[in-house]
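This briefing concerns selected helices and backbone features of one protein chain. Please study the sequence and the structure before reading the points that follow.

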Amino acid sequence: MANKLINKVAVITGASKGIGAGIAKLYAAEGAAVVVNYASSKAGAEQVVADITAAGGKAIAVQADVAKQADIQRLFAEAIKAYGKIDILVNNAGVYEFSPLEAITEEHFHKQFNLNVLGLILTTQEAVKHFPEAGGSIINISSVVSSTFAPAQGSVYSATKGAVDAVTRSLSKELGPRKIRVNAINPGMVETEGLHSVGFAEGEFRSHIESQTPLGRIGQVQDIAPAALFLASDDAAWITGEPLFISGGLR
């Protein structure tokens with residue numbers, strides 16, 4: 001490894017599994033001290049920390065529901081207590097539920113917007129209080145559904161990710177004078193524990209996605225984490241406000 005994040009501190013929300021866990025492990029391997037946030041999967045978060053420390057890295061697990069402001073404040077209090085600063089924030093925590101138009105409810109809407117959009121904004125609001133004068137990097141995990149491949153029955157979820165892209169662009173302008181870069185990663189379908197839990201990892205839906213993808217397969221966590229490393233590192237020092245589509249060419 002090139003130690004691209006040496007002496008950096010990264011907070012990664014929703015990092016007990018999937019894309020968040022992959023990013024946490026790669027960041028730690030590149031020298032960052034990592035705060036592995038989780039909402040409910042304590043065992044998963046502790047396993048990520050154990051994997052990192054066994055490889056010689058630094059990490060702690062902190063429980064917090066980032067749809068709740070009090071939890072967010074506690075998350076960053078624990079991060080500062082452990083490491084003294086924040087250089088990188090990855091807003092990875094999110095939820096998705098598909099529903100036909102006639103079945104959409106207030107609960108369905110608010111569950112997704114409260115975490116995917118409001119939670120992202122409030123987490124960023126708290127994080128930037130602890131960034132050094134040298135600035136830092138914020139990476140929002142969005143999706144191809146934000147603009148190019150919005151599926152049927154995914155109107156609310158697609159709307160949340162469209163909002164994430166808009167928030168990314170707006171905050172890049174607001175935080176740029178403070179040397180804080182804000183970018184988004186927009187993955188296509190990625191094979192994670194979450195994908196398996198909702199039954200999309202196999203079957204007709206996956207086959208349809210793969211048939212529409214020029215590279216002919218869905219993504220893996222290792223396809224996403226290196227891009228998050230790039231955006232957090234000095235290699236991306238003049239990149240902000242950008243969505244990076246990692247989707248095998250799916251549009």
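Lys179 counts as exposed, because its relative accessibility of 57% lies over the 50% cut-off. The model in which this residue is seen is a predicted one. The points below turn first to the backbone at Lys179 and at two other residues, and then to three topics on helices.

**Residues with a positive phi**
- Most residues other than glycine have a negative phi.
- Lys179 is not a glycine, yet its phi is positive, at about 65°; this residue lies in the loop between H5 and S6.
- Gln153, also not a glycine, has a positive phi of about 70°.
- Gln153 is placed in the loop between S5 and helix H5 (155-175), and it is partly exposed, with a relative accessible area of 48%.
- Gly56, just after H2, takes a positive phi of about 95°.

**Helix H2**
- Helix H2 covers residues 42-54, and its 13 residues should span 18 Å at 1.5 Å a residue; the end C-alpha atoms are 18 Å apart, which agrees.
- Gly44, Ala45, Val48, Val49 and Ile52 are the buried residues of H2.
- These buried residues lie on the same side of H2, because they cover an arc of only 140° around the axis.
- An α-helix has 3.6 residues a turn, so residues three or four places apart point the same way.
- Ala43 and Ala54 are exposed on the other side of H2.
- The partners against which the buried residues of H2 pack are helix H1 (18-29), strand S2 (33-38) and strand S3 (58-63).

**Helix H8**
- For the 12 residues of helix H8 (residues 221-232), the span should be 16 Å at 1.5 Å a residue; the end C-alpha atoms are 17 Å apart, which agrees.
- The residues buried in H8 include Val221, Ile224, Ala225, Leu229 and Ala232.
- The buried residues of H8 pack against H1 and against four strands: S4 (88-91), S5 (136-141), S6 (180-187) and S7 (243-246).

**Packing of H3 with H4**
- Helix H3 (residues 69-83) packs with helix H4 (residues 106-127) at an angle of about 35°, and their axes are 10 Å apart.
- The crossing in which H3 passes H4 is right-handed.
- H3 makes this contact through Gln69, Ile72, Gln73 and Phe76, while H4 contributes Gly119, Leu122, Thr123, Gln125, Glu126 and Ala127.
- Of the residues in the contact of H3 with H4, four are nonpolar, five polar and one charged.

Notes:
Residues are numbered from 1 along each chain as its sequence is written. This is a predicted model: local features need pLDDT of at least 70, side-chain atom pairs count only at pLDDT 80 or more; totals for chains, interfaces and linings use all residues. Side-chain values use heavy atoms; hydrogens and water are left out. Axes are lines fitted to C-alpha atoms, for helices over the stretch in contact, and angles run from 0 to 180 degrees between N-to-C directions. Helices (H or I, at least four residues) and strands (E, at least two) are DSSP runs, numbered from the N terminus. A crossing is left-handed if the near helix is turned anticlockwise from the far one by less than a right angle, and right-handed if clockwise. Contact means heavy atoms within 4.5 Å. Ala, Val, Leu, Ile, Met, Phe, Trp, Tyr, Cys and Pro count as nonpolar, Asp, Glu, Lys and Arg as charged, and the others, Gly among them, as polar. The expected span of a helix is 1.5 Å times one less than its number of residues. Buried means under 20% relative accessible area, exposed over 50%, partly exposed in between (1.4 Å probe, protein chains only). The arc is that of the directions from the helix axis to the C-beta atoms.
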